[in-house]
Amino acid sequence: ANLKLSYNSSVPYNQLDAGRLLVHVLGRVYYVVALFVWPFYVFPVWKAVIWALVPITSFSWSFMLSSQVNHLTDETSHASSSNFLKHQVLTGQDFGNNSWFARWYSGGLNTQIEHHLFPTVNHCHIPDLQPKVKALCIIHGVKYNEVATYSEAFKRHCEHTRKMGIRPFSDDH
């Protein structure tokens with residue numbers, strides 16, 4: 001995006017100034033060195049491999065388990081709208097909105113619809129916006145995808161993933 005000055009060739013993007021770009025690049029370099037280079041200098045190989053793999057694997061699974069359930073369901077994955085805001089609502093799903101654990105564990109990504117509508121708003125403010133978004137969806141006839149619990153969201157995600165694995169035009173499809 002910094003080179004093209006747009007996201008997906010449609011959303012304008014302000015180029016990072018040199019200082020901010022430098023900090024960004026240095027942060028990436030630090031991350032790679034701290035996770036994948038430094039451990040091999042200070043630990044035996046077996047410990048270095050654990051140091052490098054366990055954190056990235058656990059964080060990746062944690063992120064996947066709390067974010068993909070919001071987008072990869074029968075209701076959301078094939079939804080679409082030419083209206084940007086409507087598209088954000090249709091392709092997202094909220095879960096566990098009354099659960100402090102869901103909010104804490106997902107870092108607020110359990111309110112995915114509002115996260116996509118207001119990406120720069122801190123997740124601690126999203127619960128105040130959610131009823132307003134729901135009300136607007138009702139007024140404008142936009143389906144608001146929401147499930148009560150994480151387990152229900154995960155079940156919908158797994159069902160969708162199972163369906164995606166069925167060969168098109170087969171007897172099971």
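1. Is glutamate 75 buried, partly exposed or exposed? With a relative accessible area of 31%, glutamate 75 is partly exposed. The model is a predicted one, and the points below should be read on that basis.

2. Confidence. The mean pLDDT of the protein is 88, and 91% of the residues reach 70 or more. Among the elements, strand E1 (residues 6–7) has the lowest mean pLDDT, 58. The highest, 95, belongs to strand E4 (residues 146–147).

3. Salt bridges, overall. The structure holds five salt bridges. In general, side chains of opposite charge can pair when their charged atoms come close. Three of the pairs are taken up in the next points, starting with the partner of glutamate 75.

4. Glutamate 75 and arginine 156. The side chains of these two residues meet in a salt bridge, at 3.9 Å from N to O. The pair links distant parts of the chain, with the two positions 81 residues apart in numbering. Glutamate 75 sits in the loop between helix H2 (45–67) and helix H3 (84–90), whereas arginine 156 belongs to helix H7 (residues 150–164). The 3.9 Å value lies within the 4 Å cut-off, so the pair counts as a salt bridge. Arginine 156 has a relative accessibility of 28% and counts as partly exposed.

5. Glutamate 152 and arginine 156. Arginine 156 also meets the side chain of glutamate 152 in a salt bridge, at 3.7 Å from N to O. Both residues lie in helix H7, four residues apart, which is about one turn of the helix. Glutamate 152 counts as partly exposed, at 32% relative accessibility. Glu75, Glu152 and Arg156 are thus linked in a network of salt bridges.

6. Lysine 134 and glutamate 146. In this salt bridge the closest N and O atoms are 3.0 Å apart. The pair also links distant parts of the chain: lysine 134 is in helix H6 (residues 126–140) and glutamate 146 in strand E4, twelve residues apart. Lysine 134 is partly exposed at 28% relative accessibility, and glutamate 146 is partly exposed at 32%.

7. Cysteines. The count of disulfides comes to zero under the rule of sulfur atoms within 2.5 Å. Cysteine 124 counts as partly exposed, at 49% relative accessibility. Cysteine 158 is partly exposed too, at 34%.

8. Nonpolar surface. A nonpolar surface patch of about 1,100 Å² is made by Leu21, Val25, Val29, Tyr31, Val32, Val33, Phe36, Val37, Trp38, Tyr41, Val42 and Trp51. Helix H1 (residues 18–42) supplies the largest share of the patch, eleven residues. One of the patch members, leucine 21, is placed in helix H1. Leucine 21 counts as partly exposed at 31% relative accessibility. Patch residues need over 30% relative accessible area, so the 31% of leucine 21 meets that cut-off.

9. A buried asparagine. Where is asparagine 110? Asparagine 110 lies in the loop between helix H4 (100–106) and helix H5 (112–117). Its relative accessible area is 0%, so asparagine 110 is buried. Leaving out residues up to four places away in sequence, asparagine 110 touches Asn70, Gln93, Asp94, Phe95, Gly96, Asn97, Ala102 and Arg103.

Conventions:
Residues numbered from 1 in each chain as written. Predicted model: local features only at pLDDT ≥ 70, side-chain atom pairs only at ≥ 80, totals over all residues. Heavy atoms only, no water. pLDDT = per-residue confidence, 0-100. Buried < 20%, exposed > 50% of the residue type's maximum accessible area, 1.4 Å probe, protein only. Patch = residues over 30% accessible without salt bridge, like charges linked within 9 Å, V, L, I, M, F, W, Y side chains within 5 Å. Areas by Shrake-Rupley, 256 points an atom, 1.4 Å probe, with all protein chains shown as cover. Contact = heavy atoms within 4.5 Å.
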